[in-house]
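Work through the exercises below with the model open. Try each task before reading its solution.

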Amino acid sequence: MSIAMIIVAAGRGTRAGGEEPKQWQMLAGQPVLRHTIASCYKALASANAECARVVVVLHPDDMARGLALTGGAVTLVAGGNTRDASVRNALEALADQNISKVLIHDGARPLLPAEVLTGVLHALDGHPAAAPALPVTDALWTGAEDLVSGTRDRTGLYRAQTPQGFRFDAILAAHRAHEGPAADDVEIARMAGMDVAITLGHEDNLKITYPADFARAEAILRARKDAAMDVRLGNGYDVHAFTEGDHVVLCGVKIPHSKALLGHSDADVGMHALTDAIYGALAQGDIGRHFPPSDPQWKGAASWIFLDHAAKLARKMGYRIGNADVTLICERPKVGPHAPEMMAELARIMEIEPDRVSVKATTSERLGFTGREEGIASIATVTLIAE
């Protein structure tokens, strides 16, 4: 079943203070919206959810800013005058994408715990809609002129959170039929007659609303970082046989040679191993999962496309590349004279400093297929560090 995620960040609320909307204000050195997008990707990966599309809804004036923030890795949709109009715009943008489930999340909730998203997805297996919430535990008062005027029973009351999940066709129909304001998408779903399951929310899943919420969110981020520094290690291995030709492409550099490398794409064995190392560190499979060799559009493709995708996926999931180490195993061609250019090219594609990339070569002492000069092998190792 195909899943899409909508992140609603088109508001212009002023209660959070500051000179710009809260989703664009800085939190631990990054815009709130960047944290939100990264936490959504992490939660989806933790739930092993194959997300077909992530849509971010922005104010029309923020579209260029959103493109700069996301690098085109998500779909940007212009919002409407109200929240429900913004969500409908996003749903309409997905209407022809064969989506079965959709998750709708607030752009001002930057700390989504994975278990909250997982709980919503599981509930959607048996319900048309599901949303996380926390029971109200405090006493409830009414007030007038700064005086308590009465109390209310808190039994059966919940504090709503997001992401709120729905069967796609049902929530699209509900939005198309809806008129007037709504507190959230659950209200629109219920007005359409949909039963909504309540799943367990989390105190960390706060919505930034007031200035003090920024300090609370930063404290949560610090506590998470202190609890466990998230460093990931990935390994990649690839091999390509020689065929007729007059050059090889290794780590993005064209090297004259008496043979070429045989492969579905450009057969850049070094870049393939490095790409798989990044996917491996992210627990996101390998190149074949993201760029199937059965798909003719990737025949002869430049391997930088694969490496660029892996590096951007790492950033979307909240990681930076700490370092990358590539070893090429062959008798010929000689790699040493080209290694500096290779390192510079890999660093450029991954958008990291060149001194974080190593490319080196070794032989197999004339043993095996590389020793017989039947092909080239490569191994690569990558470290990813949570930001």
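The exercises cover cores, a strand residue, cis peptide bonds and backbone angles.

This is a predicted model: local features need pLDDT of at least 70, side-chain atom pairs count only at pLDDT 80 or more, and totals for chains, interfaces and linings use all residues. Residues are numbered from 1 along each chain as its sequence is written, and side-chain values use heavy atoms, with hydrogens and water left out.

**Exercise 1. The nonpolar cores**

Find which residues touch the most other members of the largest nonpolar core.

Solution. Start with the term. A nonpolar core is a set of buried Ala, Val, Leu, Ile, Met, Phe, Trp, Tyr and Cys residues joined through side-chain atoms within 4.5 Å. Buried means under 20% relative accessible area, exposed over 50%, partly exposed in between (1.4 Å probe, protein chains only). The largest core holds 76 residues, and Leu250, Leu346 and Met350 touch the most other members. Helix α8 (residues 269-281) gives the most to this core: eight residues. Helices (H or I, at least four residues) and strands (E, at least two) are DSSP runs, numbered from the N terminus. Another core lies apart, with 26 residues, including Ile6, Val55, Val77 and Val186.

Next, list the contacts of Met350, leaving aside neighbours within four places in sequence. Contact means heavy atoms within 4.5 Å. The partners are Leu274, Ile278, Leu307, Ala311, Arg315, Ile321, Ala324 and Val357.

**Exercise 2. Thr199**

Decide whether Thr199 is buried or exposed.

Solution. Locate Thr199 in strand β12 (residues 196-200). Its relative accessibility is 10%, so Thr199 counts as buried. Now look beyond four places in sequence: Thr199 is in contact with Gly119, Val120, Ala123, Ala130, Ala131, Pro132 and Ala133.

**Exercise 3. Two cis peptide bonds**

Locate the cis bonds that lead into Pro163 and Pro333.

Solution. Take Thr162 to Pro163: the bond is cis, with omega near 15°. Pro163 sits in the loop between β10 (158-160) and β11 (164-167). Then take Arg332 and Pro333: their bond is cis, with omega about 0°. Pro333 is in the loop between β17 (319-329) and α11 (339-350).

**Exercise 4. Positive phi**

Place Ala283 and Arg366, then give the accessibility of Ala283 and of Arg366.

Solution. Ala283 is a residue other than glycine with a positive phi, near 60°. Ala283 lies in the loop between α8 and α9 (287-290). At 56% relative accessibility, Ala283 is therefore exposed. Arg366, also not glycine, has a positive phi near 65°. Its loop runs between β18 (357-362) and α12 (368-371). The relative accessible area of Arg366 is 54%, so Arg366 is exposed.
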